[in-house]
Amino acid sequence: MTRYADFYKRSLAEPDAFWAEQAELVDWHTPPKQICDYTNPPFAKWFVGGSMNLCHNAVDRHLKDRADQAALIAVSTETDTEKVYSFRDLHAEVQRMAATMVDLGVKKGDRVLIYMPMIAEAAFAMLACARIGAIHSVVFGGFASGSLASRIEDASPALIVSADAGSRSGKPIAYKPLLDEAIRLSKHKPPAILMVDRVLCPMELVAGRDHLWRDLRQKHLDADVPCEWVDSTHPSYTLYTSGTTGKPKGVQRDTGGYAVALAASMKHIFCANAGETYFSTSDIGWVVGHSYIVYGPLIAGMATIMYEGLPTRPDGGIWWSLVEKYKVTAMFSAPTAVRVLKKQDPALLKKYDLSSLRALYLAGEPLDEPTATWISESLGKPIIDNYWQTETGWPILTIANGVDKAPSKFGSPGVPMYGYDVKLIDENTGEELKGADQKGVVVIEGPLPPGCMQTVWRDDDRFVNTYWKSIPGKLVYSTFDWGIRDKDGYFFILGRTDDVINVAGHRLGTREIEESISAHPNISEVAVVGVADQLKGQVAMAFAIVKDAALLPDAAARLKLEGEIMKLVDKDLGAVARPSRVQFVTLLPKTRSGKLLRRAIQAVCERRDPGDLTTMEDPAALQQIKDLTA
């Protein structure tokens, strides 16, 4: 890997020259005057003085050479629909959406909250925001009213774009009642609402507030909305991610740095070429959907598949049929999805012509070796793991085959990517661990490279205190993940150092779930931990103390209360946060100073040694959990 080693070293030793070269991969309205301003650590400003537009780079600039090439391929096995939009079509639809937003009062710098299923209009809305300089904040369609309300309150949107319903397994899931309840719960003044009516669920519209997309689209059929040229450092979007406290953090992303980072990653990591097809199976509610369904592939001049549905419906071959039909060259999915497909008929993998596919990329949660081996042998294609976060926007660790071909090691996401000065730190001493196979916290020396978060939306102090001050005496960005590095420089991720769990690629804060459960009138205290699960990677498990034990005389009563709690979490946070079990105990394991021993609880649930328990107040508490999970 000498070529990549040199490439990587140069990115750290000569960052201005390196990133100035990468900046040539995108269009600038005004070229940047300074590549990086890091005079106020840890805040990095990239491509200062430059102006550009994300929508121009994703759509308009391709009209000259590939106007009639496929750009967005919207497939729904939920509604049995499939539509291909060329770059020309996409350009027209985005302008209609942009004109509609302007009509509803949206201006440059305003926030637009997007609460949508995986339909083409969601991509139109994101690109329209970028076109007019508005800041989009996409909320995963699986979130319930409570989670949505907290995001509305923090983002303070001028407009919310939503749909009557999503769908799962052919069953409509009404969005409008959830949205109406979220607006009622939020203290933010109700903004204008733009509704896409898929005719899946009846909707009650609020006069003067709610508007139908089909009506306004008709009004703006011939819309001509020029791109708003914005400063490179202008926020492009915020995306909320769970933290160790109940309040989600709004990760704020810039415009120029993000465009350059994505363009470079499409070339160096994903080996993408204009005119090819990219298929990411994620959701636009997550960062992968932003970077590698909408912006990254389009910036690279590729067609991108936007898929609504399950990987097993109508059968376990649906994704492979799309690879064949649209000649997909790069596919991006999650280990959980692969584990689901592993249970399907193996003949489905041989049924389709997958010769166009060059590699399958996996991320979102740790990829175990058996899963990687199975899918590699089944597909006969390279399997490339990658590790990153909502906060970074593009991979921290993977293999850059576009620079230098290198082997993957199953179980490892790979080596540090260019621009990321990745180190392992002893969390107690703050010392860097340079030897092989030493366990430490994975950190990144500042400045963070282009495309990474600028700050936490409206909360610079939280950005500094959360991410940069967790290691004593060091100003380094903490990933909050444990890792080791082998003798070849490959990293292995070992799990979180904080109280965030990863359920099928969805990051959930244990505190959020605990707060929801604690709202039940008969719960006095609760602990939630992430427990290893063969299919989902991790599942949430709750241990709760009831206020009145007399109300739980038997197993039937415990089952009833467990059901009530799960419904409560569904209502507050959405089904994605529902614990796999709620177990009832009389006390929780704590230290003598009152700190909850979550790691010990997790270890017992996973049948591991809980380690040093000398500070535990009452050993009987952990014994109860052992008995319940035996």
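A residue counts as buried when its relative accessible area is under 20%, as exposed when it is over 50%, and as partly exposed in between. With that in hand, let's walk through the cysteines and salt bridges of this predicted model.

**Cysteines**

A search of the whole structure turns up zero disulfides. Take C55: the nearest cysteine sulfur belongs to C227 and is 5.1 Å away, whereas a disulfide needs the two sulfur atoms within 2.5 Å. C55 is buried because its relative accessibility is 0%, and the cut-off is under 20%. C201 is also buried, with a relative accessibility of 16%.

**Salt bridges**

The count of salt bridges comes to 30. Here are some of them, with the closest N to O distance for each pair.

| Acidic residue | Basic residue | N to O distance |
|---|---|---|
| E14 | R10 | 3.5 Å |
| D65 | K64 | 3.5 Å |
| D68 | R88 | 3.0 Å |

How exposed are the partners? R10 is partly exposed at 26% relative accessible area, and E14 is partly exposed at 42%. In the pair of D65 and K64, D65 is exposed at 59%, and K64 is exposed at 70%.

What does the pair of D68 and R88 tie together? D68 sits in the loop between α4 (63-66) and β4 (70-76), while R88 belongs to helix α5 (residues 87-103), so their salt bridge links parts that are 20 residues apart in sequence. D68 is exposed at 61% relative accessibility, and R88 is partly exposed at 45%.

Elsewhere, salt bridges with shared partners join K176, D180, R209 and D210 into one network.

Terms used:
Residues numbered from 1 in each chain as written. Predicted model: local features only at pLDDT ≥ 70, side-chain atom pairs only at ≥ 80, totals over all residues. Heavy atoms only, no water. Buried < 20%, exposed > 50% of the residue type's maximum accessible area, 1.4 Å probe, protein only. Salt bridge = Lys/Arg side-chain N within 4 Å of Asp/Glu carboxyl O. Helix = DSSP H or I, 4+ residues; strand = E, 2+ residues; numbered from the N terminus.
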